[in-house]
Amino acid sequence: MNQRTRVTVAAVVIALLIASLGVQAAVIEREHRVVNDDGRYPGNTLVGVHSYDETGRIVELTPDGEVAWEWSAPESRVFGVEQLDEETVLAAVAVKRLAEDCDEEYLEYEEKDGHCVHNRVVEIDKESGEAVWEYDWYDEFIAWHEVHDVERLENGETAIADMGNDRAFTVDRDGEITWEWHAEDHLTPGTPFYEEYGGPEKEGEHDDWTHMNDIDRLENGNFQLSIRNFDVIVEVDPETDEVVDVVGEPGNHSVLDKQHNPHRIEDQGTMVVADSENGRVVELDVESEERIWRYTVPASDSLQWPRDADRLPNGNTLITDSRNNRVLEVDPDGEIVWQFGDPDGTVVPLPYEADRIGAGERSDVPPGTELTAVEDEPDAVTATIREWEAMAQYVFPTWMHLPQILHVIGIALGVLWLCVEGGVIGWRRLAVSG
């Protein structure tokens with residue numbers, strides 16, 4: 001094949017791929033996909049939206065998929081959300097600030113000195129959209145240093161998981177810290193936890209070491225903390241600050257793998273967990289760590305980085321399927337009875353947490369022993385492809401999947417081919433002129 005023919009073939013292939021991609025962009029379903037069956041638990045759903053590009057927000061969705069209320073802050077990511085009453089919502093919000101708006105002490109890390117992060121725990125009046133109470137602090141940068149979870153306690157104080165500083169703490173209404181727990185004092189080499197369980201060691205001041213992403217007050221007064229990067233959930237006694245119970249084991253991914261948002265069903269001694277890196281939701285016996293219920297879905301619809309799972313009072317489970325840009329509710333048989341899917345990522349791009357308003361995370365809900373375990377699981381190859389598709393959403397539009405991504409790759413290779421052919425032509429001309 002001579003060079004003219006090669007160039008012609010490359011140009012035709014590029015044109016066909018561009019035309020095909022354009023047609024797919026026009027015809028692929030990108031509207032919101034809503035399932036709303038009779039078996040769903042009643043009420044609207046409050047969603048904290050992480051987002052791919054600091055366009056985080058809080059969205060309240062009706063059963064029909066309509067946006068009943070929303071709130072946002074510029075350049076932000078939203079994580080834990082909780083409706084306190086009809087008028088107010090509590091949220092964990094991380095705001096990216098430009099370097100000129102940051103104090104020098106938060107610009108000392110040279111690799112990330114173009115910005116800092118303003119972590120805000122905000123109580124929002126739904127009618128006005130204004131903050132009626134706030135506790136905030138600054139940190140070096142937004143990745144790994146966002147505030148991920150917040151919970152309003154019965155005594156009016158607020159419990160906070162501070163990922164960037166590897167700490168859990170509580171504050172009162174005046175902003176005074178009433179209790180504080182530092183992972184460095186309890187999970188490092190030489191501590192009882194480390195001697196028994198091991199775990200990753202802290203490499204530097206700004207290392208994403210624990211990735212603490214959830215805090216809950218238990219009925220006995222202790223705090224339950226999700227230590228994501230250790231693959232464990234710990235129970236801490238605030239009177240002694242000692243770790244009194246552990247679920248999971250660092251590196252043992254058959255139990256948990258970088259989990260999020262455990263929901264303790266204390267009446268039954270179990271917990272429902274978004275087992276994120278394993279792409280599933282599991283319910284574990286707290287004492288034995290036996291898996292008594294699991295939810296996965298077929299490869300064509302598999303969960304991608306689920307980061308929240310709540311058992312509802314009727315036995316349904318509400319799941320936040322982050323990289324699929326959707327929130328779904330499954331009944332005790334694993335059938336989807338409510339879903340808000342957002343292929344284009346215009347309403348809930350990369351959702352973090354979802355709460356059914358009026359249900360919360362109750363401790364008296366039906367356990368997994370009364371449900372049907374859904375055991376379908378994709379094969380390794382299919383699961384890997386689906387994960388690549390999900391990760392590609394950080395770069396490509398969210399409606400693109402493997403076929404469309406292959407189109408883009410083909411176009412890029414075709415352009416590279418033409419560039420090489422152009423280089424060859426240029427080199428020959430120089431050789432002839434020389």
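Strand 9 and strand 10 make a hairpin, with five residues between the two strands. Gly-156 sits in that turn and has a positive phi of about 90°. Keep in mind that this is a predicted model. The two strands of the hairpin run antiparallel, and five bridges join strand 9, residues 147-152, to strand 10. One pairing to look for is Val-150, whose bridge partner in strand 10 is Ile-160.

Now follow the chain onward from strand 10. Strand 10 is also joined to strand 11 (residues 167-171) by five bridges, and this pair is antiparallel. Ile-160 turns up again here, with Phe-169 as its bridge partner in strand 11. These two strands form a hairpin too, with four residues between them, and Asp-166 takes a positive phi near 50° in it.

So how many residues of strand 10 are buried? Five of the five are, so the strand is largely enclosed by the rest of the structure. In a regular strand, side chains alternate between the two faces of the sheet. In strand 10, Thr-158, Ile-160 and Asp-162 point one way, while Ala-159 and Ala-161 point the other way.

**The nonpolar cores**

Next, the cores. The largest nonpolar core has 20 residues. Those with the most contacts inside this core are Trp-181, Leu-187, Leu-225, Ile-227 and Val-234. Several strands feed into the core, each with at least two residues: strand 10 (158-162), strand 12 (177-182), strand 13 (212-217), strand 14 (223-227) and strand 15 (232-236). There is also a second, separate core of 16 residues, which includes Phe-79, Ala-94, Val-150 and Val-171. Val-150 is the residue already met as the partner of Ile-160.

Leu-187 is a good place to look around inside the 20-residue core. Leaving aside residues up to four places away in sequence, Leu-187 touches Trp-181, Phe-193, Tyr-194, Trp-209, Thr-210, Ile-227 and Phe-230. As a general point, nonpolar side chains in soluble globular proteins tend to be buried together.

**Two open sheets**

Two four-stranded sheets are worth finding next. One is an open sheet with the order 13-14-15-16 and antiparallel pairing. Strand 13 and strand 16 are its edge strands, each pairing on one side only. The twist in this sheet averages 20° from one strand to the next. Strand 13 and strand 14 pair over five bridges in the antiparallel sense, and Arg-217 has Phe-223 of strand 14 as its bridge partner.

The other is an open sheet in the order 17-18-19-20, and its pairing is antiparallel as well. Which strands stand at the edges? They are strand 17 (260-265) and strand 20 (291-295); each has a single partner strand, so one side of each is left without a neighbour in the sheet. The twist here averages 20° from one strand to the next.

Four bridges join strand 19, residues 280-285, to strand 20, and the two run antiparallel. Glu-283 is matched with Trp-293 as its bridge partner in strand 20, and Val-282 is matched with Arg-294. The hairpin of strand 19 and strand 20 has five residues between the strands.

**Positive phi values**

Several residues with a positive phi are gathered here.

| Residue | Phi | Where |
|---|---|---|
| Asp-166 | near 50° | hairpin of strand 10 and strand 11 |
| Glu-289 | near 65° | hairpin of strand 19 and strand 20 |
| Asp-241 | about 65° | loop between strand 15 and strand 16 |
| Trp-305 | near 60° | loop between strand 20 and strand 21 |

Asp-241 has its positive phi although it is not a glycine, and Trp-305 is likewise a residue other than glycine. Is Trp-305 buried or exposed? At 11% relative accessibility, Trp-305 counts as buried.

**A buried aspartate**

Last stop: Asp-355, found in strand 25 (residues 351-356). Asp-355 is buried yet has no salt bridge. Where is the nearest side chain of opposite charge? That side chain belongs to Arg-356 and is 9.0 Å away. Not counting residues up to four places away in sequence, Asp-355 touches Asn-44, Thr-45, Leu-46, Val-81, Glu-82, Asp-308, Asp-310 and Leu-318.

Technical notes
Residues are numbered from 1 along each chain as its sequence is written. This is a predicted model: local features need pLDDT of at least 70, side-chain atom pairs count only at pLDDT 80 or more; totals for chains, interfaces and linings use all residues. Side-chain values use heavy atoms; hydrogens and water are left out. A nonpolar core is a set of buried Ala, Val, Leu, Ile, Met, Phe, Trp, Tyr and Cys residues joined through side-chain atoms within 4.5 Å. Buried means under 20% relative accessible area, exposed over 50%, partly exposed in between (1.4 Å probe, protein chains only). Contact means heavy atoms within 4.5 Å. Two strands pair if DSSP finds at least two bridges between them. Lys and Arg count as positive and Asp and Glu as negative; His and the chain ends are not counted. A salt bridge is a side-chain nitrogen of Lys or Arg within 4 Å of a carboxyl oxygen of Asp or Glu. Axes are lines fitted to C-alpha atoms, for helices over the stretch in contact, and angles run from 0 to 180 degrees between N-to-C directions.
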